Amino acid sequence: MKKRFYTLIILFTILGIVQAENGYDLWLRYKKIDNKILLQSYQNKNGNILFPAVSESMNAAKKELTLGLEGLLGLELKETSNVENNTLIVGTVESSNIISKLSFADEIIFLDKDGYIIRSATYQGKAITVIAAKTDIGVIYGVFHYLRLMQTHQSLDKIAIKEEPKLQYRVLNHWDNLNGTIERGYAGYSLWDWERLPMYKDPRLIDYARANASVGINGAILNNVNANAKSLRTEWLVKASGLATAFRPYGIRVYLTARFSAPKELGGLPTADPANPRVRQWWKDKVAEIYSLIPDFGGFILKANSEGQPGPQDYGRTHADGANMIGEALEPYGGVVFWRAFVYHNERHIDRVTNGYNEFKPLDGKFNKNVFVQPKNGPIDFQPREPFHPLFGQMPNTPLAIEFQITQENLGHSGHLVYLGALFEETLQSDTYANGKGSTISNVLQNYKKTHGISGIAGVSNIGTDINWTGHLFGQANWHAFGRLAWNPDLSSKKMSEEWVRMTFSNDVDVIKPIQKMMLMSREAVVNYEMPLGLNHIMNYDTHNGPEPWHDDPVWTAYDYHKITKDSIGVNRTKNGSDAVGQYHEPLCNKFNNLETCPETLLLWFHRLSWNYKLSSGKTLWNGIVDHYYEGVDQVRQMQVIWNSLEKRIDQERFEHIKALMKIQESEAVWWRDACLLFFQSYSGMPIPAEYEQPKYSLEYYKRIPFPYDWDNTLFFNKK
Ligand code: BDP
């Protein structure tokens, strides 16, 4: 028996299985620092620790510090009661006598509730390092930052860090159904084990909370925006309270989706009209019940009068009427409402791009003070590239929270490596010109804190039960980037990607540089091979994976999005067209309207052009489109070469995982390229230049090939 055990160990070691990493530990791997000099200096700084932990959150922070020091430095957390040279002191002014006596104690008291200071200081002549915060949750954030300094090999000498989040509500939006499936989720099933909750709390929930807290996320919206009223029934609320208990020490509040018709479906009322006093009372009672179970409940998200969901317009009321009813119910408890602005009419004569603005702009200033209106980053629907949503900068009197999608619904699901840091950054740094130059979306979002006392951001999660959480290991980078940007929307994707690679793979520049290069080129690659030059919404109708620019049925057609004919392609959204440009402030309106100044990346979004239109390169539009699709595939192939060159530097399991997925990405990029170009060619009649590798199959083949994933259509819009 013993012999067999040893044989197995030897076998596993040879196969590299023992050392293999499956990605579960995310960016919190805490592997021993391999640089001897650094290790020594870190060990010196962490030999004595003063960390009186008096609350659940403090204990969680201390546990994390212990884990980090053990892993990174091979040190046990040694607590001391005397301050000696090189003591690390952690806590708040209340929890630590010493912190309360520091020269910068006042600065700590005036920090934001989530803020923290990490500083090298002296106390009674002894050199100390302090991690101090105003609240216990701030201590957690500080500890994660401190560990990150070591994880990314930064010096612990002369530290002077002061951090406060730039946005207050930093939430992950899970599109999880009550049956455990996830709408647009590509990493397994929901992490919420409803059946065994609230008695059994999967330890994974703690790791989920740790990961979120490590990047500053402080809210989890538990269920799908395509709502099921059942989630508000008492028995489900009790279960949700189990999740709230698990997350609470890490500063994560839970939120629920509210189905607007719940007063009818659950309360038995004949109506859900927000003007009806019984309906209003129903929401008040429901909210009171929720707070009795979850005292720090965050609030609700609502998708109303959108894609078939019920809403106030069913009763001739406005979005503001509906949102305010819910807002008023939550207000006494400090809860908030995220009221989504993702609305569009399924009417072909109306330009969908203009719908959100048209419905919400007239309501500016009409919302209760605890209501966020939440537009998606762009005016259509999470495409590889969109201009920013025109509501940003146009709702000065209503706090807007931006919604990004982290799950790659339209960007290759979990089969493609697409680093979204670049997409998020592009949007957040877009200038709305709301108050002249420099009114970036980031600034617009932050400013609501000053004007309305609340500011927020939401990301549609890409997390599921897959062992590595996100299906594609690089999906972790998108979760990380979202969180980091939620805390500080002005971080650069370059900086975040470097940090993530250091923590996820290695601090060796020969690993960092190539991986970063792949990440930073990947967003432009997906734009190129899926929808270049402002093209959009030409993906498969059901799965949203793979090309289907030919989709055309009486209800929905891709033709509205590309409007292809034998002469031209693109949508005229100029002043002479649908005038979507008119929804942007000057000088953007004119910039987009004018062909000479419209960024080429958005050309066909705003303009309808003939195939022979001359691009800035001097090439015709047709040849430009062809070039972009080919470039996209080339970029993926370059990424593949880069990844394959890292074989000896990455553990085998993660290396092979990415290598295999890169093959899928390459073949699907070719699929996108060839199918789209053949389809466009069937109108333009123009050739794909002979020097390019020619499509292997016919357009008919691409129209016929079965979509590789037979997505369960019954989930769509939560039809059950
Ligand atoms: C679309 C998704 C759909 C969502 C909807 C939304 O395809 O599954 O329910 O957005 O955001 O992109 O409400």
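## Reading a predicted model, feature by feature

Q: What lies 2.5 Å from a polar side-chain atom of E409?

A: That partner is an oxygen atom of the ligand, 2.5 Å from a polar side-chain atom of E409. A polar contact is a pair of N or O atoms within 3.5 Å; within protein, one must be able to donate a hydrogen and the other to accept it, and residues adjacent in sequence count only if both atoms are side-chain atoms. The side chain of K303 also has an N or O atom 2.5 Å from a ligand oxygen, and for N226 the distance is 2.8 Å. The protein covers 99% of the 320 Å² of accessible area that the ligand has on its own (Shrake-Rupley method, 1.4 Å probe; for residues, only the protein chains shown count as cover).

Before we go on, this is a predicted model: local features need pLDDT of at least 70, side-chain atom pairs count only at pLDDT 80 or more, and totals for chains, interfaces and linings use all residues. Residues are numbered from 1 along each chain as its sequence is written, and side-chain values use heavy atoms, with hydrogens and water left out.

Q: Which residues around the ligand come nearest?

A: A residue is near a molecule or strand if one of its heavy atoms lies within 4 Å of it. There are 14 residues around the ligand, and E183, K303, R340, K376 and E409 come nearest. Sorted by class, the shell has 8 charged, 4 nonpolar and 2 polar residues. Here Ala, Val, Leu, Ile, Met, Phe, Trp, Tyr, Cys and Pro count as nonpolar, Asp, Glu, Lys and Arg as charged, and the others, Gly among them, as polar.

Q: Which residues touch the most other members of the largest nonpolar core?

A: In soluble globular proteins, nonpolar side chains tend to be buried together. A nonpolar core is a set of buried Ala, Val, Leu, Ile, Met, Phe, Trp, Tyr and Cys residues joined through side-chain atoms within 4.5 Å. Buried means under 20% relative accessible area, exposed over 50%, and partly exposed in between (1.4 Å probe, protein chains only). In this model the largest core has 204 residues, and L65, F247, W283, F300 and F680 touch the most other members. Helix 22 (residues 652–684) gives the most to this core, with 13 residues. Helices (H or I, at least four residues) and strands (E, at least two) are DSSP runs, numbered from the N terminus.

Q: Is R170 buried or exposed?

A: With a relative accessible area of 0%, R170 is buried; R170 lies in strand 6. The side chain of R170 makes a polar contact of 2.8 Å with the side chain of D114. A polar atom of the R170 side chain also lies 3.3 Å from the backbone oxygen of Q168.

Q: Which residues that are not glycine have a positive phi, and which peptide bonds are cis?

A: Most residues other than glycine have a negative phi, and most peptide bonds are trans. H153 has a positive phi of about 60°, and W469 has one of about 75°. W469 counts as buried because its relative accessibility is 0%, whereas H153 is partly exposed at 22%. As for cis bonds, one runs from L197 to P198, with omega near 0°. Another runs from E586 to P587, with omega near 5°. P198 is found in the loop between strand 6 (169–173) and helix 7 (204–215).
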